[in-house]
Amino acid sequence: MTLYYRDDAVQVTSRAIHAGGQVVPLADVTFVWHARGRTTAAVRGRVLGRGVLVLLLSLPPLVALVCVLSLAWTAQDRGDWKLALVIVAAFVVVGLALTPFLEVPLGWLDRSYERGNRVHELWVQVHGRETMLVRTPDALRFGQIYRAVQRAVEQQGDRR
């Protein structure tokens, strides 16, 4: 028996698919497909959180740009470029010093894209009946499960 995928709720082997308390023998599977499910509050919250995070990461550079442009404008009127250059240099130094701290929010943003922005469903046809085996908003996990089912079904077809 070959194990293609296993987590706490789903197991795909060369003999059967175990998901959500259901056991579907691979020999009985005639068709496998995926569909988009209805979005959930968790998915909407993830997308909203992603938007807020992008906004929070975008605002400081935009505010700094406006400040530097207004500083340059006023320095041109007054003819005092030395103070303007010192302030711009301070902005650059502070910006470079804070750059390593962007790793955490950018990691959050990366993981939110990995998890996806919709609900995925895995369906199989067994003895003419359509059965949903897996429904998850986690795109990475769904992709792993779906590919494991595809490989298991392909191997089952080669044996026939």
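H127 sits in the loop that links β6 and β7. Its phi is positive, at about 55°, even though this residue is not a glycine. Worth a look, since most residues other than glycine have a negative phi. The model here is a predicted one. H127 is also out in the open: its relative accessible area is 65%, and because exposed means over 50%, H127 counts as exposed.

**Domains**

- The domain assignment splits the protein chain into domain 1, made of 3–37 + 118–158, and domain 2, covering 60–114.
- Taken over C-alpha atoms, the centres of domain 1 and domain 2 are 49 Å apart.

**The β5-β6-β7 sheet**

- Here three strands make an open sheet, ordered β5-β6-β7, and they pair in antiparallel fashion.
- At the edges you'll find β5 and β7; each has a single partner strand, so one side of each has no neighbour in the sheet.
- From one strand to the next, the twist averages 25°.
- The antiparallel pair β5 and β6 is joined by eight bridges.
- Looking for a handy landmark? W33 stands opposite W123 in β6.

**The β1-β2-β3-β4 sheet**

- There is also an open sheet of four strands, in the order β1-β2-β3-β4, again with antiparallel pairing.
- Its edges are β1 and β4 (22–25), each with a single partner strand, so one side of each goes without a neighbour in the sheet.
- The twist in this four-stranded sheet averages 5° from one strand to the next.
- β1 and β2 run antiparallel and are held together by three bridges.
- R6 is the residue that stands opposite Q11 in β2.

**The largest nonpolar core**

- This core has 21 residues, and V12 and L122 are the ones that touch the most other members.
- Two or more residues come from each of β1 (3–6), β2 (10–13), β3 (16–19), β5 (29–37), β6 (119–126), β7 (129–136) and α4 (139–159).
- The top contributor is α4, which puts in six residues.
- Leaving aside residues up to four places away in sequence, L122 touches V32, W33, T131, M132, L133, V134, F142, I145, Y146 and V149.
- As background, nonpolar side chains in soluble globular proteins tend to be buried together.

**Helix α3 and what follows**

- α3 takes in residues 103–115, which makes 13 residues.
- At 1.5 Å a residue, that helix should span 18 Å, and its end C-alpha atoms are indeed 18 Å apart, so the expected and modelled spans agree.
- The buried residues of α3 are P105, G107, L109 and S112.
- What do the buried residues of α3 pack against? Their partner is α1 (41–78).
- Right after α3 comes G116, with a positive phi of about 90°.

**R151 in α4**

- R151 belongs to helix α4.
- Is R151 buried, exposed or partly exposed? Its relative accessibility is 30%, and since buried means under 20% and exposed over 50%, R151 counts as partly exposed.
- From R151 to R44 the gap is 107 residues in sequence, and their C-alpha atoms are 32 Å apart in space.

Notes:
Residues numbered from 1 in each chain as written. Predicted model: local features only at pLDDT ≥ 70, side-chain atom pairs only at ≥ 80, totals over all residues. Heavy atoms only, no water. Core = buried A, V, L, I, M, F, W, Y, C linked by side-chain atoms within 4.5 Å. Buried < 20%, exposed > 50% of the residue type's maximum accessible area, 1.4 Å probe, protein only. Contact = heavy atoms within 4.5 Å. Pairing = 2+ DSSP bridges. Axes fitted to C-alpha atoms, helices over the stretch in contact; angles between N-to-C directions. Domains from an automatic or database assignment. Expected span 1.5 Å × (residues − 1).
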